[in-house]
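Got the viewer open? Let's take a walk through this structure, one selection at a time.

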Amino acid sequence: MISNIRNKKIVLISPHPDDVEIGMGGTAFLLAKKNKIHHLIATNGANSANIFKDKKKLVEARKEEAINSNKYMGIKNIKFFEYDEVKSKSIKLEFEVKTKEYLKRINPDYIFLPHPSLDNHPTHRIVSKAVINNLHMLEKKPKIICYEVWGAFRKHDYFVDISKTIKIKKKIISFHKSQLKVKDYLNGILGINKYHAIFDDFIKDNAKYIEVFLEYKST
Ligand SMILES: [Zn+2]
């Protein structure tokens with residue numbers, strides 16, 4: 001299991017402040033115990049569902065939610081790029097330059113991100129592609145591992161049994177109240193984690209919840 005990785009430098013990429021928590025909260029918690037984790041959050045989530053009807057309030061709330069969930073996961077190094085959106089050509093370019101500097105400084109062994117083509121959220125794909133575009137600039141080639149958020153994977157390269165960590169994953173996601181009030185992401189992703197346990201044949205191992213991952217290999 002990739003949760004056995006230890007003594008490595010790992011970068012987690014969240015396009016929005018809650019993506020790592022949803023896609024790989026259980027695994028991130030396990031990895032944080034034995035590795036040096038850096039978490040890059042690309043946007044401030046300003047354009048997500050807004051219960052406050054006020055952009056500034058939403059951005060503040062989402063940052064605080066992310067700080068608290070990361071603290072609970074045991075992740076101390078969070079970098080907020082705080083873009084409203086990574087859409088326009090100029091922001092995309094700026095994001096790539098900043099990401100490149102960030103990755104060069106950390107020189108990670110592993111990078112976890114949403115899948116650059118299989119994820120259904122356009123911002124996720126843009127952010128992941130921007131990260132992947134910069135990897136040739138790094139001295140050491142990190143292993144790229146994709147987690148699932150918007151769109152379940154039909155097959156996987158790696159899995160982590162999070163059955164014993166499921167209460168923790170629930171708690172990690174529950175910090176993101178501003179989003180959970182609008183959509184029940186928590187039960188959505190727990191359903192996917194349960195689905196993998198049952199349909200990807202982990203039940204024989206007594207697994208109840210599984211997070212799955214695909215390795216991204218550049219061609
Ligand atoms: Zn997202």
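Which elements do the buried residues of H7 pack against? Keep in mind as you look that this is a predicted model. Select residues 185-199 to bring up helix H7, then show H1 and E7 as well: those are what its buried residues pack against.

**Stop 1: helix H7**

Stay on H7 and pick out Ile 189, Ile 192, Asn 193, His 196 and Ala 197, which are buried. They cover an arc of only 140° around the axis, and that puts them on the same side of H7. Now spin to the face turned away from that buried side, where you'll find the exposed residues Ile 198 and Phe 199. Want to check the length? With 15 residues at 1.5 Å a residue, H7 should span 21 Å, and its end C-alpha atoms are 21 Å apart, which agrees. Just after H7, click on Asp 201: its phi is positive, about 70°.

**Stop 2: a loop residue by H7's His 196**

Next, select Arg 154, in the loop between E5 and strand E6 (158-161). Is Arg 154 buried or exposed? It counts as exposed, because 9 other C-beta atoms lie within 10 Å and the cut-off for exposed is 12 or fewer. Draw a distance from the C-alpha of Arg 154 to that of His 196: the two are separated by 9.3 Å, though they sit 42 residues apart along the chain.

**Stop 3: strand E5 and its partners**

Select residues 143-147 for strand E5. Of its 5 residues, 4 are buried, so the strand is largely enclosed by the rest of the structure. Who pairs with it? Strand E4 (residues 110-114) runs parallel to E5, joined by 5 bridges, and you can spot Ile 111 with Ile 144 as its bridge partner in E5. Strand E7 (residues 210-216) pairs with E5 too, in the antiparallel sense over 4 bridges. There, look for Ile 145 and its partner in E7, Glu 215.

**Stop 4: helix H4**

Now add helix H4 (residues 122-133), which together with E4 and E5 makes a right-handed β-α-β unit. H4 has 12 residues and reaches 16 Å from its first C-alpha to its last, close to the 16 Å expected at 1.5 Å a residue. Color Thr 123, His 124, Val 127, Ser 128, Ala 130 and Val 131, the buried residues in H4. Looking down the axis of H4, you'll see them fall within an arc of 155°, so they line one face of the helix. Show E1, E2, helix H3 (89-106) and E4 to see what the buried residues of H4 pack against.

**Stop 5: strand E1**

Move on to strand E1 (residues 9-14), which is mostly covered, with 5 of its 6 residues buried. E1 and E2 run parallel and are joined by 6 bridges; find Ile 13 and you'll see Leu 40 of E2 standing opposite. To get from E1 to E2 the chain goes through H1, and this β-α-β crossover is right-handed. E1 pairs with E4 as well, in the parallel sense over 3 bridges, and the partner of Ile 10 in E4 is Tyr 110.

**Stop 6: the largest nonpolar core**

Which residues touch the most other members of the largest nonpolar core? Highlight Leu 12, Ile 13, Ala 28 and Phe 112; the core has 48 residues. Helix H1 (residues 19-32) gives the most to this core, with 7 residues. Zoom in on Leu 12: leaving aside its neighbours within four places in sequence, Leu 12 is in contact with Val 20, Ala 28, Ile 37, His 39 and Phe 112.

**Last stop: helix H2**

Finish by selecting residues 55-73, helix H2: its 19 residues reach 27 Å from first C-alpha to last, close to the 27 Å expected at 1.5 Å a residue. Among the buried residues here are Leu 58, Ala 61, Glu 65 and Met 73. Down the axis of H2, the buried residues fall within an arc of 165°, so they line one face of the helix. Flip to the other side and you'll meet Lys 56 and Lys 71, both exposed. What covers the buried residues of H2 includes H1, strand E2 (36-43) and strand E3 (77-83). Just after H2, end at Gly 74, where phi is positive at about 90°.

Conventions
Residues are numbered from 1 along each chain as its sequence is written. This is a predicted model: local features need pLDDT of at least 70, side-chain atom pairs count only at pLDDT 80 or more; totals for chains, interfaces and linings use all residues. A nonpolar core is a set of buried Ala, Val, Leu, Ile, Met, Phe, Trp, Tyr and Cys residues joined through C-beta atoms within 7 Å. A residue is buried if 20 or more other C-beta atoms lie within 10 Å of its own, exposed if 12 or fewer, and partly exposed in between; C-beta atoms are placed from the backbone. Helices (H or I, at least four residues) and strands (E, at least two) are DSSP runs, numbered from the N terminus. Two residues are in contact if their C-beta atoms, placed from the backbone, lie within 7 Å. Two strands pair if DSSP finds at least two bridges between them. A crossover is right-handed if, with the strands pointing away from the viewer, the path from the first strand over the helix to the second runs clockwise. The expected span of a helix is 1.5 Å times one less than its number of residues. The arc is that of the directions from the helix axis to the C-beta atoms.
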